[in-house]
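Colleague: I'm new to this one, so could you take me through a single part of it up close? Pick a bit of the surface, and then show me how the rest is laid out.

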Amino acid sequence: MFGSRRFNDEMPLQKQRTVRFYSDETQRPTIPTHQPPRPGFPTGVNPILSKGQSANLPWHKQIFDPTSNFVLTWNRVFLVLCFCALFIDPLYFYVPIINYDFTPATSCVKSDTVLSIILTCLRSLSDLLYVIHIVIKFRTAYIDPSSNLRVFGRGELVRDSKKIAIRYLKSDFVIDVAAALPLPQIVIWLIIPAIKYSTAQHNNNIVALIVLLQYIPRLYLIFPLSYEIVKATGVVARTAWMGAVYNLGLYLIASHVLGSLWYLLTVDRQTTCWKEVCKNEYGCDVRFLDCSYPIEKQEYQTWIKNTSVFTNCNASDDNIAFAFGMFAPALTNQAPARGFIAKYFYSFWWGLQNLSCYGQTLTVSTYIGETVYAIFLAVLGLVLFAHLIGNVQTYLQSITARVEEWRLKQRDTEEWMRHRQLPQNLRERIKRFIQYKWLATRGVDEESILQCLPADLRRDIKRHLCLDLVRRVPLFSQMDDQLLDAICERLVSSLSTEGTYIVREGDPVTEMLFIIRGKLESSTTNGGRTGFFNSTELKPGDFCGEELLAWALVSKSTLNLPSSTCSVKALVEVEAFALRAEDLKFVANQFRRLHSKKLQHTFRFYSHHWRTWATCFIQAAWRRYTRRKMARDLSMRESLSFSSVRSEEEEEEEEEDKVEPGPGPSRGRQNFRNIGVKIMSGKRKGNNDLRKLQKPDEPDFSAEGFE
């Protein structure tokens with residue numbers, strides 16, 4: 001039974017002290033809304049911006065509630081932005097490229113200037129968002145862990161800006177600043193141009209090192225941010241699909257980072273091979289391997305004609321001494337010389353493939369850096385697959401949890417029916433009801449959900465769900481909102497499949513049913529009366545079980561429920577709202593406005609019992625009218641015929657007296673006597689029919705004090 005019990009409206013109000021628990025503020029003396037704060041009220045504390053509250057203060061003086069909609073929305077948005085930042089930073093690893101444009105003998109290393117400019121713009125935008133996050137954290141209140149209110153509630157909310165700043169500076173400020181600093185932009189556009197005699201390889205290594213170092217605090221920020229969201233709302237993702245996408249996104253970002261790092265190490269291994277061969281070759285300078293070196297110089301032209309650096313470092317040649325290991329496929333396909341899109345997806349596929357199979361397909365060399373990277377990849381793949389993909393599976397299973405629960409319930413029902421050896425027709429009816437209930441509710445127990453909510457919220461929900469449907473019932477369409485709210489609070493949903501008997505004639509009526517969808521058949525034999533049968537169809541907007549309303553409106557009704565005067569059967573699947581006997585009795589006792597002549601007329605008009613009685617009454621009245629009319633016609637004919645027959649009889653008697661005198665009734669006189677008997681018996685029969693046809697029982701609509 002939904003809804004909470006409502007006390008009598010007429011209970012006198014008493015002046016009592018009200019105790020309030022503030023969800024976003026500490027308890028303080030109550031200040032009436034129509035009065036200004038007292039002079040003694042502390043003004044050094046900044047006001048807090050709670051849920052749904054708008055402040056007219058400047059932005060730099062506002063303190064935000066950590067559970068407010070603004071903070072929660074910003075945390076979710078910033079979490080998505082953190083993912084974008086984690087995606088942008090590894091793209092710096094694609095800045096170094098190997099130029100294979102001319103011939104293999106003129107290969108060199110250079111930097112992608114266009115990609116550097118694009119990444120600088122994107123990175124600057126993400127850094128700005130990190131700065132905004134720092135500002136918001138300076139203006140966000142926190143809960144004092146040493147608060148005595150921990151015994152009940154969430155604790156005292158500290159809203160002093162100085163305390164907030166001190167706490168933030170001692171906790172996460174350093175990490176947030178480290179994540180927000182524009183280090184790659186400073187290195188690329190300020191530091192590297194100021195270095196003399198720097199090569200492209202050195203520049204790329206410096207940028208890669210800075211990005212890797214700053215990637216750690218940026219990755220760390222995701223976990224406390226997720227914790228704050230979970231602490232405020234209970235979950236990071238609002239739906240199972242969002243949770244699956246969240247964990248899958250972390251897994252894909254890990255693949256993206258590993259693939260980008262593999263590409264950077266591929267370029268590094270290629271340049272390492274060139275340097276080793278160049279050191280052992282006469283006339284070779286490592287600056288010749290930089291594409292920025294002018295090729296028109298004589299020393300370069302002399303070296304390029306006699307060098308064997310590129311031949312001895314050709315990854316496609318299996319006879320060379322240098323072992324490229326797991327970087328050989330990228331160099332064989334000349335991936336570092338491809339366009340950005342081609343080399344990115346190639347590297348991303350490599351990272352996703354080897355992260356998923358824990359690096360089992362890798363062929364590594366004895367180079368210690370390569371071996372350590374392969375070990376790190378295998379361990380990371382195992383951890384991420386166990387955690388993130390496991391979470392994805394959990395979220396996806398939660399989507400089908402209701403379906404699996406319904407399937408298990410079906411299986412248990414099948415085993416129970418087979419164990420009890422139920423007949424086939426009962427089995428089909430049970431299966432049909434379970435199937436229909438699943439389609440209507442999707443396995444959700446609405447009653448248990450509503451019972452966990454406060455009474456006021458539960459009342460508003462039932463009003464939203466039921467009020468329009470209840471107003472469609474003509475019996476309730478003229479009632480006021482307060483009475484409709486009381487009825488809506490106590491309505492429960494009712495589902496019936498085709499062929500189900502809601503109630504049988506003579507059984508106790510336990511609930512009043514208001515049809516929302518479907519059709520019902522109501523049939524009666526008038527208490528088992530021989531030869532009497534009446535049937536009517538109930539459609540959406542109709543109701544049945546009005547005997548219960550008559551029982552509830554009686555001031556001193558017994559505990560015995562009224563008996564049903566008809567049998568109600570579902571013709572198709574029916575959805576309805578039911579008002580149980582005890583709930584209807586409570587509503588009737590609390591709201592005496594049910595006693596009104598207007599409601600009485602509406603009840604009679606839409607009650608199928610009264611319709612049946614009216615039909616039978618009209619039929620009996622019509623039969624009585626036709627008998628009376630026939631009697632009058634026959635009486636007139638009798639009077640006319642009797643006068644003519646009398647004259648003829650007198651003439652015949654005179655002739656008979658003359659011929660053969662003697663007494664004896666005539667044939668015509670006997671016929672008229674028979675007709676009179678029939679007419680009188682018809683009158684008595686019509687009166688008996690009207691006496692047998694009694695009015696149906698109806699509620700008492702004549703309470704004192706109401707019309």
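Modeller: Let's start with a nonpolar patch on the surface, formed by Ile117, Ile186, Trp189, Leu190, Ile191, Ile195 and Ile206, which together have about 600 Å² of accessible area. A patch here takes residues with over 30% relative accessible area and no salt bridge; like charges are joined within 9 Å, and nonpolar side chains (Val, Leu, Ile, Met, Phe, Trp, Tyr) within 5 Å. A salt bridge, in turn, is a side-chain nitrogen of Lys or Arg within 4 Å of a carboxyl oxygen of Asp or Glu, and accessible areas come from the Shrake-Rupley method with a 1.4 Å probe, counting only the protein chains shown as cover for residues.

Keep in mind that this is a predicted model: local features need pLDDT of at least 70 and side-chain atom pairs pLDDT 80 or more, while totals for chains, interfaces and linings use all residues. Residues are numbered from 1 along each chain as its sequence is written, and side-chain values use heavy atoms, with hydrogens and water left out.

Helix α5 (residues 183-194) gives the patch its largest share, four residues. Ile117 sits in helix α2 (residues 113-138). Helices (H or I, at least four residues) and strands (E, at least two) are DSSP runs, numbered from the N terminus. Ile117 is partly exposed, at 43% relative accessible area; buried means under 20%, exposed over 50%, and partly exposed in between (1.4 Å probe, protein chains only).

Now zoom out. The protein chain holds 23 helices and 14 strands, and 38% of its 707 residues are buried. Its accessible surface comes to about 42,100 Å², with 58% belonging to carbon and sulfur atoms.

As for the strands, one open sheet of four runs β7-β14-β9-β12, with antiparallel pairing; two strands pair if DSSP finds at least two bridges between them. At its edges are β7 (491-496) and β12 (543-544), each pairing on one side only. Inside that sheet, six bridges join β9 (residues 511-517) to β14 (residues 574-580), and Phe514 has Phe577 in β14 as its bridge partner. Helix α17 (residues 455-471) packs on this sheet, touching β7, β9 and β14; contact means heavy atoms within 4.5 Å.

There's also an open sheet of four strands in the order β8-β13-β10-β11, again antiparallel. Its edges are β8 (501-503) and β11 (534-538); each has a single partner strand, so one side of each is left without a neighbour in the sheet. β8 pairs with β13 (residues 567-570) over two bridges, and Tyr501 stands opposite Lys569 in β13.

Notes:
Axes fitted to C-alpha atoms, helices over the stretch in contact; angles between N-to-C directions.
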